[in-house]
Amino acid sequence: MSATSATTARRALLPSGARPFVSSLFAIVAAFVVGGVFLALRGKDPLAAYGLLFTRGLGTGYGVTETLIHLAPLLIMSAGLLLALRAGIWNIGVDGQLLVGALFAGVAGSAIAGSVPAPVMWLVAALAGMLGGLLWAVVPAILRVKYGLNEIITTLMMNYVALNVTSWLVKGPVKDPDVVPPQTRLIPKEMRLPDIPGTEIHIGLLVGLVAVLVVAVIFRYTVLGFQLDVLGRNRFAAIHAGLPVGKLTAFALLASGAFAGLAGANDILGVKGLFQGNWSPAYGFAAFAMVYLARLNSLWILPFAYFFSFLAIGGEMMARPLEIPTYFTEVLEGLMLVFFAVAVYFERKFAPADRSPDAMEAEGMPSAAITAEPIVTPELPVPTGERR
Amino acid sequence: MNAAFVTAMLSAALVAAVPLLLASLGEATAEKAGLLNLGIEGMMLSGCFFGFLAAYQTGSSTIGVLAGVLAGLLLGLLFGFLSISLQVDQTLVGIAITILGAGVTAFLYRDIFGRQNPSAGVDAHLVNIPLVESIPVIGPAISGKPLLFYIAWLLVPAFAFMLNRTRFGLNVRAVGEYPFAADAAGVSVYRTRYAAIMIGGAMAGLAGAFLAVIDLQLFQVGMTVGLGFIGLAIAMVGGWNPWRIAITAIMFGLLRSLGNGLQILGVDVRTEFITMLPYIGIMVALVLLAGRTALPSALGVPYARGRR
């Protein structure tokens, strides 16, 4: 009894809105500690590394600018990922969808660049990117809805297919014939997305913010968002309530594909200007870890996305002087997810009675403890041959 | 030319099938016990790297392979701790382990070897089988392969026996189908599941070690390119039956080695089309078999004692 009141008192110290993020914070700190030990074992000075990471990544104008540029695709992608994960759909194919979207945007944009006003070209390229990403989610969506095939495996497989298809397209059919390397025609710098006045950050960042806002509005104010949440919380309840489960599932997959495609278009229009054969940014893992640390909460994505973007940029900036491979960022992301899993366990263990795992399971929410927003988290995946 | 071509194709397919077979046998055991191991890709990649590293440092392929197995086993243990003891969502744990495996191996490889891509340069212990050797067409495709190649194929009957004919196999199926009943009957659900995921991890590590130490003798960042995930899907397509898994693995081995075959024939197909065949093939195979295989009922469901 005393233990219970102690936990309640301890939990009451924190505002309820931020409380679930204690676990995320723990995951981040623990990942940094273990990552530091890892660095030390490799004969590097972790304090120097983290010092450089923070001073350069957060403390220099260049670091902040690069972080904000890198933030745009992360925001767009994780907004889409959130849409899928909240509906209980594991779209792990966002990287493939991004590649196809980027290629579509590169081709469409360069085809009309110069012959139409730049904003029209941006719009066409962005729509082409969304279409590309959406198309890449069509196969997993059909397989899931028509054949009950687990989307985890199909979206994963589509990633590898995307790598090969885009690599072939950019070497052949859509290659810029005037240059040797496999790439699409260059969109001239002056026709790419302009910078936000007074900064060196292209306006794609605003697109990213809007994307997050759109998803937040969907989940907070619309019936669609409510239905997606119900689906994610309990698939069978959704079926019983007569919700269009098939349509919602397809929507979640296709929409997150379109968002990923838009993220690809953003990189083409804002940074790269062309699609290169061996380009594979693989934001997917970072986006995945980040959306989970943000407890599938639409607005909390913003600070976490900034943090992950900073990690990627700061990781690159500390890499050269200290000779630490940039893959260290990926090590940290993996550790964060592992420790997040541990934290979720303790959170459940010390949860007040009414939110105990038993009560939750009775309501049919096996992993509900992961989410922070009013509603909730993906159900467990239902693999192949889903019954009913 | 035809006989030589068939021999070459069969030989390449059987070798290309081995990593898929090994990963899939382990995954089948884990899935039978109710654990969907999406960390398999990270475990396999760790098997590749730590196997390669140990082989490179010691010059012994045996030590390399053992190191790969150990790496997979330890990650399997981590998966077990998070998903069995802490009852965290298996998909989340699996993805975490895959990210971790990819990150750690890439980091260490670049940190230790810099921009170099050395060969492990170890003895793969090729074995010639006296009588089989002289069988026309098939013989040369089967004989003269690394020792681990034969061990891998011998693991098929071994797993079939283990899963279908032993008490452990029975327990594995019980905790995967109905853990509450298994628990009530005195079977430790936790212990059985831990054993199953450790086998799954070790086999994924072995698969990676075969790839990096025996077959290619080198490591590349992200070199498993989804082979672990394909192995996971093969376990499902093969209905968790080692014999059917072996046949499915050979089919996908054939798809993996199709590029070389077509090159020998002089057919000009873009490599990208060949490379993506296994990924498309898995989706086709899953569609054809969807709904026809009965999943272990408790697959993906954490077990908490005394919950129900």
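Chain A and chain B meet through 54 residues on each side, contact meaning heavy atoms within 4.5 Å. This is a predicted model: local features need pLDDT of at least 70, side-chain atom pairs count only at pLDDT 80 or more, and totals for chains, interfaces and linings use all residues. Residues are numbered from 1 along each chain as its sequence is written, chains are lettered from A in the order in which they are written, and side-chain values use heavy atoms, without hydrogens or water.

The buried area between the two chains is about 4,900 Å², and carbon and sulfur atoms give 77% of it. Buried area is the accessible area (1.4 Å probe) that two parts lose on being put together, summed over both. In chain A, Met157(A), Tyr160(A) and Tyr327(A) lose the most area to chain B, together 12% of what that side buries.

The rule finds three salt bridges across this interface and nine over all chains. A salt bridge is a side-chain nitrogen of Lys or Arg within 4 Å of a carboxyl oxygen of Asp or Glu. Arg42(A), Lys44(A) and Asp111(B) are linked in a network of them.

| Salt bridge | Closest N to O |
|---|---|
| Asp111(B) with Arg42(A) | 2.7 Å |
| Glu151(A) with Arg144(A) | 2.5 Å |
| Asp176(A) with Arg185(A) | 3.9 Å |
| Asp178(A) with Arg185(A) | 3.8 Å |

Burial varies among the residues within chain A. Buried means under 20% relative accessible area, exposed over 50%, and partly exposed in between (1.4 Å probe, protein chains only). Glu151(A) and Arg144(A) are both buried. Asp176(A) is buried too, at 9% relative accessibility. Arg185(A) is partly exposed at 40%, and Asp178(A) is exposed at 64%.

Next, helix α12(A). Helices are DSSP runs (H or I, at least four residues), numbered from the N terminus. Nine of the 10 residues of α12(A) are buried, so this helix is largely enclosed by the rest of the structure. Among them are Phe288(A), Met290(A) and Tyr292(A). The buried residues pack against α2, α4 (61-86), α5 (94-112), α13 (301-322) and α14 of chain A, together with α4 (90-113) of chain B. Arg295(A) follows α12(A) and has a positive phi, near 50 degrees.

Confidence comes last. pLDDT is the predictor's confidence in each residue, from 0 to 100. Chain A averages 86, and 86% of the residues score at least 70. Over residues 1-15 of chain A the pLDDT is below 50, with seven contacts beyond near neighbours in sequence. Residues 353-388 of chain A also stay under 50, yet the model has 98 contacts for them beyond four places in sequence.

Notes: Helices (H or I, at least four residues) and strands (E, at least two) are DSSP runs, numbered from the N terminus.
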